[in-house]
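Visitor: I would like to learn how to read a structure of this kind, feature by feature. Please show it to me first.

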Amino acid sequence: MQVLLIIFVVLILIIALLYVLVPAWYGLPPISTHPDRIRKALELANLQPNETLYDLGCGHGQVLVIAAKDFGANAVGIEVGPVQCFISWVNCLRSGIRSKVKIEAGNFFKSDLSQADVVFAYLTSEFGERLNKKLRNELKAGTRVVTVAFELPNWQAIIFDRENLIWVYEK
Ligand SMILES: C[S@@+](CC[C@H](N)C(=O)[O-])C[C@H]1O[C@@H](n2cnc3c(N)ncnc32)[C@H](O)[C@@H]1O
């Protein structure tokens, strides 16, 4: 019985460490965008039913759930944290939108973003620098990029919501 308890505690510790350390290794804390801010960002990006939204680093999958449930969009989440991927998957399943959502476990710098109609990113300005070239090269014309809390350098925003710190760009 004691051995089982020790195994359980060790497992919980490993999961907690993975939850914090994997995002930290990639340079971010595992913090989610507030649902109201997500809705605002997707409204400003004019996300339409059946369009495809990509969330770069989908965390707990809240953006995917709101995009699919409230906007009728298809959503792809790319996430490097295994625990975050699992939480996203569970949240999408619980919300009944699993068929409209795809979760890719991996590094979004290595993913193909060419099918996106809207790209959502809640990252930092350091990521903006690194994403700049990839977005320019890969996105099709007309794709909207909506960033929360950071700007894309050398892109001209078509919308800036000062109150919520949301920028919308169009390729
Ligand atoms: C600040 S959280 C945002 C979560 C979610 N997009 C939201 O707005 O609620 C950023 C997420 O990006 C993930 N991440 C960081 N770098 C990544 C990378 N290169 N590829 C995939 N995911 C990454 C982290 O693990 C973390 O879960």
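Guide: What follows takes helices, strands, burial, backbone angles and the ligand shell in turn. The model is predicted.

Visitor: Let us start with helix H1. What span should its 24 residues have?

Guide: The general idea is to multiply a rise of 1.5 Å by the number of steps and to compare the result with the distance between the end C-alpha atoms. For the 24 residues of H1 the expected span is 34 Å, and the end C-alpha atoms are 34 Å apart, so the two values agree.

Visitor: Where in H1 is the kink centred?

Guide: A bend is read as the angle between axes fitted to the residues on either side of a position. In H1 the kink is centred on Leu-18 and amounts to about 25 degrees.

Visitor: How many of the 24 residues of H1 are buried?

Guide: Burial is judged by counting other C-beta atoms within 10 Å: 20 or more makes a residue buried, 12 or fewer exposed. H1 is hardly covered, with a count of 1 buried residue. Leu-17, which lies in H1, has 11 other C-beta atoms within 10 Å and is therefore exposed. From Leu-17 to Ala-121 the C-alpha distance is 24 Å, with their positions 104 residues apart in sequence.

Visitor: What happens just after H1?

Guide: Gly-27 follows there, with a positive phi of about 95 degrees.

Visitor: Which residues other than glycine have a positive phi?

Guide: Asn-50 is one of them, with phi near 70 degrees. Asn-50 sits in the loop between helix H2 (35-44) and E1, and is exposed because 10 other C-beta atoms lie within 10 Å. Ala-149 also has a positive phi, near 75 degrees. Its loop runs between E5 and strand E6 (159-161). With 16 other C-beta atoms within 10 Å, Ala-149 is partly exposed.

Visitor: Now the strands. Is strand E4 enclosed or exposed?

Guide: The same burial count applies to each residue of a strand. In E4 (residues 118-122), 5 of the 5 residues are buried, so the strand is largely enclosed by the rest of the structure.

Visitor: Which residues of E4 point one way, and which the other way?

Guide: Val-118, Phe-120 and Tyr-122 point one way, while Val-119 and Ala-121 point the other way; all are buried.

Visitor: Which strands pair with E4, and in what sense?

Guide: Pairing is read from the bridges between two strands. Strand E1 (residues 52-56) pairs with E4 in the parallel sense over 3 bridges; within this pair, Tyr-54 has Val-119 as its bridge partner. Strand E5 (residues 144-148) also pairs with E4 in the parallel sense, over 5 bridges. There Val-118 stands opposite Arg-144.

Visitor: What unit do E4, helix H5 and E5 make?

Guide: The hand of a crossover is read from the path that runs from one strand over the helix to the next. E4, H5 (residues 125-138) and E5 make a right-handed β-α-β unit.

Visitor: How far does H5 reach, and where does it bend?

Guide: The 14 residues of H5 reach 20 Å from the first C-alpha to the last, close to the 20 Å expected at 1.5 Å a residue. H5 bends by about 45 degrees at Leu-131. Leu-131 is buried in H5, as are Phe-127 and Leu-135.

Visitor: Which other elements make a right-handed β-α-β unit?

Guide: E2, helix H4 (residues 82-94) and E3 make one. E2 and strand E3 (residues 101-105) run parallel and are joined by 5 bridges. One pair of bridge partners is Ala-75 and Val-101, the latter in E3.

Visitor: Is Asp-55 buried or exposed?

Guide: Asp-55 lies in strand E1. It has 28 C-beta neighbours inside 10 Å and so counts as buried. Its C-alpha is separated by 4.8 Å from that of Gly-77, although the two are 22 residues apart along the chain.

Visitor: Last, the ligand. Which residues come nearest to it?

Guide: A shell is read by listing the residues around the ligand and then asking where they come from and what kind they are. Of the 23 residues around this ligand, Pro-23, Tyr-26, Thr-33, Gly-57 and Gly-59 come nearest. Helix H1 (2-25), helix H3 (62-71) and strand E2 (74-79) each supply at least two residues of the shell.

Visitor: How do the residues of the shell divide by kind?

Guide: They divide into 13 nonpolar, 8 polar and 2 charged.

Conventions. Residues numbered from 1 in each chain as written. Predicted model: local features only at pLDDT ≥ 70, side-chain atom pairs only at ≥ 80, totals over all residues. Near = placed C-beta within 6 Å. Helix = DSSP H or I, 4+ residues; strand = E, 2+ residues; numbered from the N terminus. Nonpolar A, V, L, I, M, F, W, Y, C, P; charged D, E, K, R; others polar. Bend = angle between axes of the 7 residues up to and from the residue.
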